[in-house]
Amino acid sequence: MDNTQCKYKLFCKIFQNGISNIEYYICFVKACDLQREKLRLAGKLYQIRTELGIKQSDLQNEGIISQSHLSKIENAEINVSAVMLNILAKRYGKDISYFFE
């Protein structure tokens with residue numbers, strides 16, 4: 001979700017619920033910060049996997065995660081759970097803290 005999408009969704013909520021400008025701003029900033037963090041984490045997951053030469057299908061064949069689910073995570077379409085992030089970190093030979101640097 002880019003900033004325009006953030007603004008649109010929050011504008012709709014404001015229009016429907018009559019949220020004040022200050023509440024709108026707080027919601028907008030939080031939503032966009034969350035989306036930026038999601039994109040950053042997705043990028044790191046993709047980067048380390050490709051640097052290691054691991055294919056999405058390799059992880060599926062190992063029974064770790066389906067290719068389609070991993071693709072959605074790496075494209076920031078869905079959130080990665082803490083458990084799955086820990087599993088992927090171990091498979092990639094990284095401490096989970098690597099993804100939060």
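These exercises work through the fold, salt bridges and aromatic contacts of a predicted model.

**Exercise 1. Determine where confidence is lowest and where it is highest in the protein chain.**

Solution.
- Start with the chain as a whole. Its mean pLDDT is 83. Of its residues, 69% reach 70 or more.
- Go to the elements. Helix 1, residues 3–17, has the lowest confidence, with a mean of 58.
- Helix 3, residues 56–61, has the highest, at 98.

**Exercise 2. Describe the secondary structure and the overall packing of the protein chain.**

Solution.
- Count the elements. The chain has 5 helices and 0 strands.
- Read them from the N terminus. The order is α-α-α-α-α.
- Check burial. Of the 101 residues, 29% are buried.
- Check contacts at a separation of 6 or more. Residues 24 or more positions apart supply 52% of these.
- Finish with the surface. The accessible area is about 6,700 Å². Carbon and sulfur atoms hold 55% of that area.

**Exercise 3. The structure holds 3 salt bridges. Work out which one joins Glu 37 to a partner, and how the two residues are placed in helix 2.**

Solution.
- Find the partner. Glu 37 meets Arg 40, with N and O 2.6 Å apart. The cut-off for a salt bridge is 4 Å, so the pair qualifies.
- Place both residues. They sit in helix 2, residues 21–51, and are 3 residues apart. That spacing means about one helical turn separates them.
- Assess exposure. Glu 37 has a relative accessible area of 34%, so it is partly exposed. Arg 40 is also partly exposed, at 27%.

**Exercise 4. Identify the parts of the chain that the Glu 74 and Arg 49 salt bridge ties together, and say whether the two residues are buried or exposed.**

Solution.
- Establish the bridge. The side chains of Glu 74 and Arg 49 come to 2.7 Å, N to O.
- Locate the ends. Glu 74 belongs to helix 4, residues 67–74, and Arg 49 to helix 2. The pair therefore links parts 25 residues apart in sequence.
- Assess burial. Glu 74 and Arg 49 are both buried.

**Exercise 5. Locate the two ends of the salt bridge between Arg 91 and Glu 62, and give their exposure.**

Solution.
- Take the distance. The closest N and O atoms of Arg 91 and Glu 62 are 2.7 Å apart.
- Locate the ends. Arg 91 is in helix 5, residues 82–91. Glu 62 is in the loop between helix 3 and helix 4. The bridge thus ties parts that are 29 residues apart in sequence.
- Assess exposure. Arg 91 has a relative accessible area of 31% and is partly exposed. Glu 62, at 41%, is partly exposed as well.

**Exercise 6. Classify the geometry of the Tyr 98 and Phe 99 ring pair, and name the lysines placed over the Tyr 98 ring.**

Solution.
- Count the pairs. The whole structure has 1 aromatic pair.
- Classify it. The ring centres of Tyr 98 and Phe 99 lie 5.0 Å apart, and the planes meet at 85°. An angle over 60 degrees counts as edge-to-face, so this pair is edge-to-face.
- Assess burial. Tyr 98 has 17% relative accessibility, and Phe 99 has 0%. Both fall under the 20% cut-off, so both are buried.
- Look over the Tyr 98 ring. Lys 44 lies over its face, 4.3 Å from the ring centre. The charged end of Lys 94 also sits over this ring, 4.7 Å from the centre.

How values were computed
Residues numbered from 1 in each chain as written. Predicted model: local features only at pLDDT ≥ 70, side-chain atom pairs only at ≥ 80, totals over all residues. Heavy atoms only, no water. pLDDT = per-residue confidence, 0-100. Helix = DSSP H or I, 4+ residues; strand = E, 2+ residues; numbered from the N terminus. Buried < 20%, exposed > 50% of the residue type's maximum accessible area, 1.4 Å probe, protein only. Contact = heavy atoms within 4.5 Å. Areas by Shrake-Rupley, 256 points an atom, 1.4 Å probe, with all protein chains shown as cover. Phe/Tyr/Trp six-rings, centres within 6.5 Å; stacked < 30°, edge-to-face > 60°. Lys NZ or Arg CZ within 6 Å of the ring centre and 35° of its normal.
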